[in-house]
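Thanks for coming. I will take a few minutes to walk through one model, starting with its charged pairs and then going inside.

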Amino acid sequence: RGAVAIGYLRRLGGFSEEQLRLEFLRCREAFIAATIEALDRSSPYDFLKRLTDAHRVHLFDIVMQYRAIFAVQERDDAQGKHEDAGGSFGGDALLLSWATRRIDAYLAELAALLPHIEDGGSLASVLEHCMYCGMSLGRVGLDFRGLLPPPFEECSKAMFTDGINAAAAAFDDALQTHRWVALPAMAAATSRVVATKAATGGSEGGSDVAAHSGGADGGPPYALMAHPPLASFVNGGLASLNELRHCAPPSLQKPLSAELGKAIQFVVDSLARYQAARSLQGEQLALFGAMASALADVAAPYLQACFARVFNTDGVVPPVAARAGAKDGPIAAAAAAARSLAASVS
């Protein structure tokens, strides 16, 4: 229909060729805007997928129609102008300008709504949808996939940071109401950790505790059962890592490692504040020291190993102890602070 309408307008002679091009793009822009306006915005996830589909289908059609109606490449070749100036747009600055503006508007909408997606699986699904859209539009010179990483990286970082900070805050709340009583089953688990630590030479071999006390499937170490607040923190950390694993760009490995180290350091600081505010004696002090030791030698190495597993791209998961053996970095520094706290009460 567009080609027929343009043919009628040409025969009428009321518009120049440039005016016809401008009017065509203006009407197509109004059509896309109306299509987007009609989309249901109640769910950011569903809206973004439908928004992406709308751009993938309609932008491709509009560019192809424009080229067919106005014979962009033939006109430019005949005039010998704008050679390769617009890439696959044949040097047509008007079409290129409109298409760029429409892609910019789409990316702005995407960046505004991504923070409202609350789980990693949905975020990864939207990213896959966007990548397919960019690949499809690449056939007409509108491949925007190189512009997608920043908003998705920011969303992944915020999702993980919020989750791990919430886990650290939950630890602080649980610590305030924690009763320092060793249950028989938990005491047995704690004694195994202490015995293993002593057999391996204290702090240097303490990182191996995570491997010996964890489940065979790489689950959380059993020693954490002796310290409910610490177990709650590790569970929160695992939940954050589970969300992150769906969409974990390699560029985020270093900054997110720092965020995890900050969360563990927050837990260490919470323990230090608790010790300063409370008068723990005898068995209670011993249990407090055991929790600090478990944080340094079990929880921190285990979370570090799980974090490394998320960013492991070759499919091979090294042993927990090997992963936990790092001597530097924010996570190791926080573990060292917890170890010092445990030593101060022993």
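A salt bridge here is a side-chain nitrogen of Lys or Arg within 4 Å of a carboxyl oxygen of Asp or Glu. Keep in mind that this is a predicted model, where local features need pLDDT of at least 70, side-chain atom pairs count only at pLDDT 80 or more, and totals for chains, interfaces and linings use all residues. Residues are numbered from 1 along each chain as its sequence is written, and side-chain values use heavy atoms, with hydrogens and water left out.

First, the overall layout. The protein has 14 helices and zero strands; both kinds of element are DSSP runs numbered from the N terminus, helices being H or I with at least four residues and strands E with at least two. Of the 346 residues, 43% are buried. Buried means under 20% relative accessible area, exposed means over 50%, and partly exposed is in between, with a 1.4 Å probe and protein chains only.

Now the charges. Side chains of opposite charge can pair when their charged atoms come close. How many salt bridges does the structure hold? The count is nine.

One of them joins the side chains of glutamate 29 and arginine 101, at 3.4 Å from N to O. Glutamate 29 sits in helix α2 (residues 17-37) and arginine 101 in helix α5 (residues 93-113), so this pair ties together parts that are 72 residues apart in sequence. Glutamate 29 counts as buried because its relative accessibility is 14%. There is also a network of salt bridges, which links Glu29, Arg101 and Arg102.

Helix α5 also carries glutamate 109, and arginine 41 is in the loop between α2 and α3 (44-70), so their pairing connects parts 68 residues apart in sequence. Their side chains form a salt bridge of 3.0 Å, N to O. Glutamate 109 is partly exposed, with a relative accessible area of 23%, and arginine 41 is partly exposed at 43%.

A local case is aspartate 53 with arginine 56, a salt bridge whose closest N and O atoms are 3.4 Å apart. Both residues lie in helix α3, three residues apart, or about one turn of the helix. Aspartate 53 is partly exposed, its relative accessible area being 26%.

Next, the interior. Which residues have the most contacts inside the largest nonpolar core? They are Leu230, Phe233, Leu271 and Leu295, in a core of 48 residues. A nonpolar core is a set of buried Ala, Val, Leu, Ile, Met, Phe, Trp, Tyr and Cys residues joined through side-chain atoms within 4.5 Å. At least two residues of this core come from each of α7 (149-176), α10 (228-244), α11 (253-277), α12 and α14 (330-345). Helix α12 gives the largest share, 15 residues.

Leucine 230 touches Phe171, Leu224, Met291, Ala294, Leu295 and Ala299, leaving aside residues up to four places away in sequence; contact means heavy atoms within 4.5 Å. Apart from the 48-residue core lies another core, of 40 residues, among them Leu20, Ile36, Ala124 and Leu142.

Last, a polar residue in helix α12 (residues 282-310): aspartate 297. Is aspartate 297 buried or exposed? Aspartate 297 counts as buried, because its relative accessibility is 2%. Its side chain makes a polar contact of 2.9 Å with the side chain of arginine 339. A polar contact is a pair of N or O atoms within 3.5 Å; within protein, one must be able to donate a hydrogen and the other to accept it, and residues adjacent in sequence count only if both atoms are side-chain atoms.
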